[in-house]
Amino acid sequence: MLAGKRLLLIIGGGIAAYKALDLIRRLRERGAAVTPVLTRAGSEFVTPLSVAALAGEKVFTDLFDLTDEAEMGHIQLSRSADLVVVAPATADLMAKMAHGHANDLASTLLMATDTQVLLAPAMNVRMWDHPATQRNLATLLGDGLRIVGPNSGDMACGEYGPGRMAEPLEIVAAIDAALGQGPLTGKRIIVTSGPTHEPIDPVRYIANRSSGAQGTAIARALAALGAEVVFVTGPADVPPPAGVRVVPIETAQQMLQAVEEALPADAAVFAAAVADWRVASASGSKIKKDAGRLPTLEFAENPDILAGVSAHATKRPALVVGFAAETDDVIAHATAKRARKGCDWIVANDVSPATGIMGGAENAVHLITPEGCEDWPRMGKQAVADKLAARIATALAATQPADKTKA
Ligand code: C5P
């Protein structure tokens, strides 16, 4: 519930501005008061009248409105809220914020505020992927701003990819989390994701197939519920989600070290496809192709991170979740794996090529717990992640937070 909370909502100029109207309704339904600010470009997409009518408050639109300055200066306006929300946050607004511009009401408020800021970016996929936007995003995350979305999907401009503004209810969940109201607020959760790359020499490696899509979706879902997520990721095909602490690694040994450094944690989800073996003595220089002579590689076993953390003597998280990607007898193998690894839950899936799950957008999983096996219907990887995150929140609700001072 957001009763008694005041939100300053800055609506930027993008087609997603229409979703800001629904967002205002959802926020007011939950008891929040919304002070709306519409940029000049935003007013090209939604009218001040609609915004004011839904918010039930005056909409602020211009920096140099002398009446407003007399009634409520922009400094006061920027500080009277519990949270500042920018939805849609356009590429232009993000650039202004990253560089400290203050040349209209919205950017001036964002510069003057001492309140937490949550951005819901929305823009064309190319604009989102542009190095300038990604640089600005990194700057803004470094400045401590929170981000929700953007989501991937069909865009109003006819293209496909990341850039769609998060849905109003996702933004509400992110607002809850930012205000310390999410069910996982105060919980630290480690998520491993992606493949590991084990070098043969400086240019060659062995690896497992893994896009990192499922692990990334899980990290995103946990962060949306308020968790502090440490996202330890190998070289994945998809970019890491916003709002998590990203620890990029390449090898299984580096992944183990990053996980150990992130302990203690309340939960750990091991979605990475870790290579079981590494080359025992990787060559420091490129192995030359020598006609007729094949190199012989000797392997060494990689540490089993999941089993190691599950058996940790002093810093075992209250909930440890492993994954089992199998191609036959999925449930039997996964049930045996749960016992062998010593973890609490196993998320099992059939990755035989016919399922199209590996690298695809959907997943069909079985959740194996001490109580037995649940078969979840086939659904999108983000939906699987959201369901798993909700289950983790329920499981952790009854546990004491991990003592992070032991780190
Ligand atoms: O043994 P297997 O690789 O099938 O087990 C899969 C589970 O174990 C996944 O949760 C994976 O992230 C984890 N794992 C690990 N370290 C390894 C191998 C697997 O954490 N070296």
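The exercises below, each with a worked solution, concern a predicted model.

**Exercise 1. Cis peptide bonds**

Determine which residue pairs the cis peptide bonds at Pro 88 and Pro 264 join, and where each of these prolines lies.

Solution. Begin with Pro 88, which is joined to Ala 87 by a cis peptide bond whose omega is about -5°. Looking at the secondary structure, we find Pro 88 in strand β3, which covers residues 83-89. Turn next to Pro 264, where a cis peptide bond with an omega of about 0° makes the link to Leu 263. Pro 264 belongs to the loop that runs between α11 (252-262) and β13 (267-270).

**Exercise 2. Two residues and their exposure**

Decide whether Asp 329 is buried or exposed, and do likewise for His 366.

Solution. Start by placing Asp 329, which is in the loop between β16 (319-326) and α13 (330-341). Its backbone deserves a remark, since Asp 329 has a phi near 45°, a positive value in a residue other than glycine. For the decision itself we need the cut-off that exposed means over 50% relative accessible area. Asp 329 has a relative accessibility of 54%, and therefore Asp 329 counts as exposed.

For His 366, which lies in strand β19 (residues 365-369), the cut-off needed is that buried means under 20%. Because its relative accessibility is 18%, His 366 counts as buried. As a last step, look at the side chain of His 366, which makes a polar contact of 2.7 Å with the side chain of Asp 375.

**Exercise 3. The surroundings of the ligand**

Describe where the ligand sits, which elements each supply at least two residues of the shell around it, and which atoms lie at short range from its oxygen and nitrogen atoms.

Solution. First, locate the ligand, which sits in the second largest pocket. Second, identify the elements: α12 (305-310), β16 and α13 each contribute at least two residues to the shell. Third, sort the shell by character, which gives seven nonpolar residues, one polar residue and three charged residues; among the residues around the ligand are Val 274, Asp 304, Gly 322 and Lys 337.

Fourth, follow the polar atoms. An oxygen atom of the ligand lies 2.5 Å from a backbone N or O atom of Phe 270, while a nitrogen atom of the ligand is 2.8 Å from a polar backbone atom of Pro 303. In the case of Lys 341, an N or O atom of the side chain is 2.9 Å from an oxygen atom of the ligand. Finally, consider the cover: of the 440 Å² of accessible area that the ligand has on its own, the protein covers 85%.

Note on methods:
Residues are numbered from 1 along each chain as its sequence is written. This is a predicted model: local features need pLDDT of at least 70, side-chain atom pairs count only at pLDDT 80 or more; totals for chains, interfaces and linings use all residues. Side-chain values use heavy atoms; hydrogens and water are left out. Helices (H or I, at least four residues) and strands (E, at least two) are DSSP runs, numbered from the N terminus. Buried means under 20% relative accessible area, exposed over 50%, partly exposed in between (1.4 Å probe, protein chains only). A residue is near a molecule or strand if one of its heavy atoms lies within 4 Å of it. A polar contact is a pair of N or O atoms within 3.5 Å; within protein, one must be able to donate a hydrogen and the other to accept it, and residues adjacent in sequence count only if both atoms are side-chain atoms. Accessible areas come from the Shrake-Rupley method with a 1.4 Å probe; for residues, only the protein chains shown count as cover. On a 1 Å grid over the protein atoms alone, a cavity is a set of points where a 1.4 Å probe fits but cannot get out, and a pocket is an open set with protein on both sides within 12 Å along at least five of seven lines; lining residues have an atom within 4 Å of a point. A molecule sits in a cavity or pocket if more than half of its atoms lie within 2 Å of its grid points. Ala, Val, Leu, Ile, Met, Phe, Trp, Tyr, Cys and Pro count as nonpolar, Asp, Glu, Lys and Arg as charged, and the others, Gly among them, as polar.
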